Amino acid sequence: MSIVSGHGAAVRIEKCGKTFADGTRALELATLDIARGETLVLLGPSGCGKTTMLRIIAGLELPDPGGKVLFDGKDMTSVPIERRNVGMVFQSYALFPNMSVAENIAYGLKIRGMPKAERTARVAELVDLTNIAGLENRRIDQLSGGQRQRVALARAVAIRPGILLLDEPLTALDAALRERLRSELNRLLRALGITTIYVTHDQAEAMELGDRVVVMRKGAIAQIGSPREIYFAPKDRFVAEFIGAANIVEAPLVNGQLVLPGGQLPIAGEGSRGDAIAMIRPETIRIVAADGSSLSGTIDSVSFIGDRQRFVITGASHKPLTVDAPNTIQAKAGEQVGLSISPDAVRLLPSEN
Ligand SMILES: Nc1ncnc2c1ncn2[C@@H]1O[C@H](COP(=O)(O)OP(=O)(O)OP(=O)(O)O)[C@@H](O)[C@H]1O
Ligand SMILES: [Mg+2]
């Protein structure tokens with residue numbers, strides 16, 4: 001297939017900050033390199049600057065003076081969007097309602113002067129790739145949300161952009177469809193090899209799609225890493241709590257063990273003495289017999305969630321601990337249980353000031 005194969009551009013954002021005219025500081029100085037063909041996810045709470053960063057890369061917004069945007073080493077900072085060879089998909093689709101599906105997809109090709117026969121062939125290819133065959137002649141208002149999003153995606157990649165920019169493209173869809181489109185999108189991005197920057201505040205989306213994830217907070221980069229690094233080795237409490245469920249334990253550290261109300265919890269490595277803050281993911285805690293366990297507590301509640309059960313345990317730490325356990329464990333509220341946690345699963349976090 002002619003559209004497939006890596007032709008992505010490398011992107012570098014160099015010392016880009018953004019202060020809007022009204023004085024709003026949307027982006028702190030950031031430098032970021034995105035490799036050819038990589039999918040980089042910008043993840044963070046509302047207002048943290050994700051869209052602003054995307055718009056700077058697209059050329060819809062200028063960084064503050066001194067900031068630079070480079071594609072394959074070439075300075076693009078003052079090149080307008082129509083000459084950057086980027087494809088964009090927005091949360092709101094932004095399709096042309098009065099045009100058919102095929103006309104929407106072909107739009108960018110037409111204004112670039114591609115001959116009709118070639119355009120038709122390209123549209124056919126994209127319709128296949130995005131699973132919307134049979135809908136070519138429909139108007140946009142005759143499509144479902146998921147179908148519209150596929151058209152938006154097909155239109156964005158039709159021009160064979162070196163860089164694809166996606167701003168929360170799945171947010172408008174219901175949960176089941178979002179999940180399905182997410183894995184379709186994943187397959188598509190890997191097949192196309194386009195450098196992709198994907199904005200979301202959904203951590204599951206970030207995990208599945210990102211080669212690397214940038215966690216943002218208040219206009220600054222809190223952490224950059226692979227989904228596994230971000231999940232298992234968060235740099236601080238903000239990242240730990242933003243990415244999935246996290247138990248935060250604050251306790252004195254004595255001889256390599258956290259001293260808790262319900263017993264001792266050994267940590268890996270040395271760790272300094274004194275008060276420590278640690279993170280433990282709920283699925284890394286095992287429920288065992290209370291007898292002979294160095295850490296124990298009382299089951300406060302159990303919820304059956306289908307593929308697993310979620311226990312809330314009190315008395316082990318200062319605050320209730322959340323434990324995700326297999327759905328086969330038989331244990332009831334009120335029971336005393338032991339907790340087994342591998343030292344490697346206890347992640348020390350820097351103390352906050
Ligand atoms: N044109 C503008 N003028 C002034 N402030 C702006 C402008 N555009 C965005 N902002 C502000 O900059 C900050 C970052 O906005 P941005 O749209 O980048 O956030 P976001 O991370 O994309 O949030 P969301 O998840 O809600 O879309 C916000 O405080 C926002 O109010
Ligand atoms: Mg946004």
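Let me begin with a definition: a polar contact is a pair of N or O atoms within 3.5 Å. Hello everyone, and please keep that in mind as we look at this structure, which is a predicted model.

Let's start with ligand 1. Where does that definition come in? A polar side-chain atom of T51 sits 2.8 Å from an oxygen atom of ligand 1, and a distance of 2.8 Å falls within the 3.5 Å cut-off. Right beside T51 in the numbering we have K50, and an N or O atom in the side chain of K50 is 2.8 Å from an oxygen atom of ligand 1. For G47 the backbone does the job: one of its backbone N or O atoms lies 2.7 Å from an oxygen atom of the ligand. Stepping back, how many residues surround ligand 1? There are 13, and the closest are S46, G47, K50, T51 and T52.

Now, on to the sheets. A quick reminder for anyone who is new to this: strands of a sheet pair through backbone hydrogen bonds, either parallel or antiparallel.

One open sheet is built from six strands, in the order β6-β7-β8-β3-β9-β10, and its pairing is mixed. Which strands stand at the edges? They are β6 and β10, the latter covering residues 220-225; each has a single partner strand, so one side of each is left without a neighbour in the sheet. On average, neighbouring strands here are turned by 15° against each other, ignoring direction. If you would like to find one pairing on screen, go to β9, residues 212-217: five bridges link β9 to β10 in the antiparallel sense. Look for R217 there, whose bridge partner in β10 is A220.

The other sheet I'd like to show you is also open, with five strands in the order β15-β19-β16-β17-β18 and antiparallel pairing. Its edge strands are β15 (285-288) and β18 (321-326), each pairing on one side only. Neighbouring strands in this sheet are turned by 50° against each other on average, again with direction ignored. Strand β17, residues 308-314, runs antiparallel to β18, and six bridges join the two. A handy landmark is V312, which stands opposite T322 in β18.

Next, let's talk about empty space. Rolling a probe the size of a water molecule over the atoms shows where such space is left.

The largest pocket holds about 470 Å³. Which residues are closest to its centre? Among the 17 that line this pocket, they are V86, G87, M88, R112 and I159. Three elements, β6 (86-89), α2 (101-111) and α4 (145-158), each give at least two residues to the lining. You may recall β6 as an edge strand of the six-stranded sheet. As for the classes of residue, this lining has 11 nonpolar, three polar and three charged members.

The second largest pocket comes in at about 240 Å³. Here α2 turns up again: α2 and α3 (116-129) each supply at least two lining residues. Among the residues around this pocket are M99, E103, Y107, K110, R119 and V123. Six of the lining residues are nonpolar, one is polar and four are charged.

Finally, the cavity. The structure has one cavity of 30 Å³ or more, and the largest cavity has a volume of about 120 Å³. The elements giving two or more residues to its lining are α4 and α5 (175-192). Which of them contributes the largest share? That is α5, with five residues. In total, 14 residues line this cavity, and Q149, R150, L153, L181 and L185 lie nearest its centre. Sorted by class, nine are nonpolar, two polar and three charged.

To wrap up, here are two places to visit when you open the model yourselves: the spot where G47 meets ligand 1 at 2.7 Å, and α4, which helps to line both the largest pocket and the largest cavity. Thanks for listening!

Notes: Residues are numbered from 1 along each chain as its sequence is written. Chains are lettered from A and ligands numbered from 1 in the order in which they are written. This is a predicted model: local features need pLDDT of at least 70, side-chain atom pairs count only at pLDDT 80 or more; totals for chains, interfaces and linings use all residues. Side-chain values use heavy atoms; hydrogens and water are left out. On a 1 Å grid over the protein atoms alone, a cavity is a set of points where a 1.4 Å probe fits but cannot get out, and a pocket is an open set with protein on both sides within 12 Å along at least five of seven lines; lining residues have an atom within 4 Å of a point. Grid points are joined across faces, edges and corners, and a volume is the space filled by probe spheres set on the points. Helices (H or I, at least four residues) and strands (E, at least two) are DSSP runs, numbered from the N terminus. Ala, Val, Leu, Ile, Met, Phe, Trp, Tyr, Cys and Pro count as nonpolar, Asp, Glu, Lys and Arg as charged, and the others, Gly among them, as polar. Two strands pair if DSSP finds at least two bridges between them. Axes are lines fitted to C-alpha atoms, for helices over the stretch in contact, and angles run from 0 to 180 degrees between N-to-C directions. A residue is near a molecule or strand if one of its heavy atoms lies within 4 Å of it. A polar contact is a pair of N or O atoms within 3.5 Å; within protein, one must be able to donate a hydrogen and the other to accept it, and residues adjacent in sequence count only if both atoms are side-chain atoms.
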